[in-house]
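Dear colleague,

I am passing on a structure that you have not worked with before, and my notes on its sheets follow directly after it. Please read them with the model open beside you.

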Amino acid sequence: MRVFKRIAVIAAGLIATAATLGGAFAGTGQPSPWQFGLQGAASPVMEDITWFHDFLLILITAIAIFVLALLVYVAVRFNAKANPVPSRTTHNTLIEVLWTVVPVLILVAIAVPSFRLLFLQLHVPQADLTIKATGKQWFWTYSYPDAKIEFDSLMVQQKDLKGDQPRLLAVDNEVVVPVNKVVHVLTTGADVIHAFAVPSFGIKIDAIPGRINETWFKATREGVYYGQCSELCGKDHAFMPIAVRVLNDRDYAAWLEQAKKKFAVDGSRPANVAAAETLTAK
Ligand SMILES: [Cu+2]
């Protein structure tokens, strides 16, 4: 039994190390070197996703260790040398009931938070702001149908990076949203299928030509949060990042004021905006 104890101690140590490293190296808003776990959460949905992920990790580790221990025990204790005269037992009611009921209970324990998370993601609460993201080869176009603005967002090339702008993630025109407000995100594709994903908000949704998908997030902290197109969409798939800047209400209002002048819809793309407005009005 001493071997089992030692295995259990080593396993517990590994899990603790992984959890600590994961926490220490997980960036929020963008990936970080040697990152282990998920990116830090900046929305209620991502907080739930992180909790669910950690919960499953503990559960699956405990199950894997338990099954491994059983296998090792059987191999050591009941091999032909150690147990030359095998028992002729074929049934044991108690064990059979247990190995049916316990897995069912484990699955129920997984299903309940899983469905709760699914409903949280799918049900868009009363929105404070609607943004439409259109995936194009290879950049994003963002519309704010209520403010009647629309602009393109292109990746900053490596030679043009300024200050702490991250490589392959920084863009020329960021999406700007207010903090602690529900943002309703509509996505569509103008050419091929793209996908709008921002890990720290826990959102990832396909942007499909000819239809509009919806998701939502509520950024709980100010800052810049990066994501990437997450559907193989052609040669520059890796170069159409998403950057969301979360501002306090006053700074957001100031940004919106100047954005209305800079990015006013010029009438050349009425179809896009009209489609978004119809969906927002429902
Ligand atoms: Cu794409």
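In what order do the strands of the open sheet that contains E4, E10, E9, E6 and E7 lie, and is the pairing mixed or not? Please keep in mind that this is a predicted model. The order in this five-stranded open sheet is E4-E10-E9-E6-E7, and its pairing is mixed. At its edges lie strand E4 (175–178) and strand E7 (203–207), each of which pairs on one side only. On average, neighbouring strands of this sheet are turned by 25° against each other, with direction ignored.

Looking more closely at E4, one finds that this strand pairs with strand E10 (residues 242–247) in the parallel sense, over four bridges, and that Val175 has Val244 in E10 as its bridge partner. Helix H4 (residues 249–262) packs on this sheet, where the helix touches both E4 and E10, and the direction of H4 makes about 140° with that of E4.

There is also an open sheet in which five strands follow the order E3-E2-E1-E5-E8, and here too the pairing is mixed. Its edge strands are strand E3 (149–153) and strand E8 (213–218), each pairing on one side only, while the twist from one strand to the next averages 25°. Within this sheet, strand E2 (residues 139–144) pairs with E3 in the antiparallel sense over five bridges, and you can locate that pairing in the model by looking for Tyr142, whose bridge partner in E3 is Phe151.

With best wishes

Note on methods. Residues numbered from 1 in each chain as written. Predicted model: local features only at pLDDT ≥ 70, side-chain atom pairs only at ≥ 80, totals over all residues. Pairing = 2+ DSSP bridges. Helix = DSSP H or I, 4+ residues; strand = E, 2+ residues; numbered from the N terminus. Axes fitted to C-alpha atoms, helices over the stretch in contact; angles between N-to-C directions. Contact = placed C-beta atoms within 7 Å.
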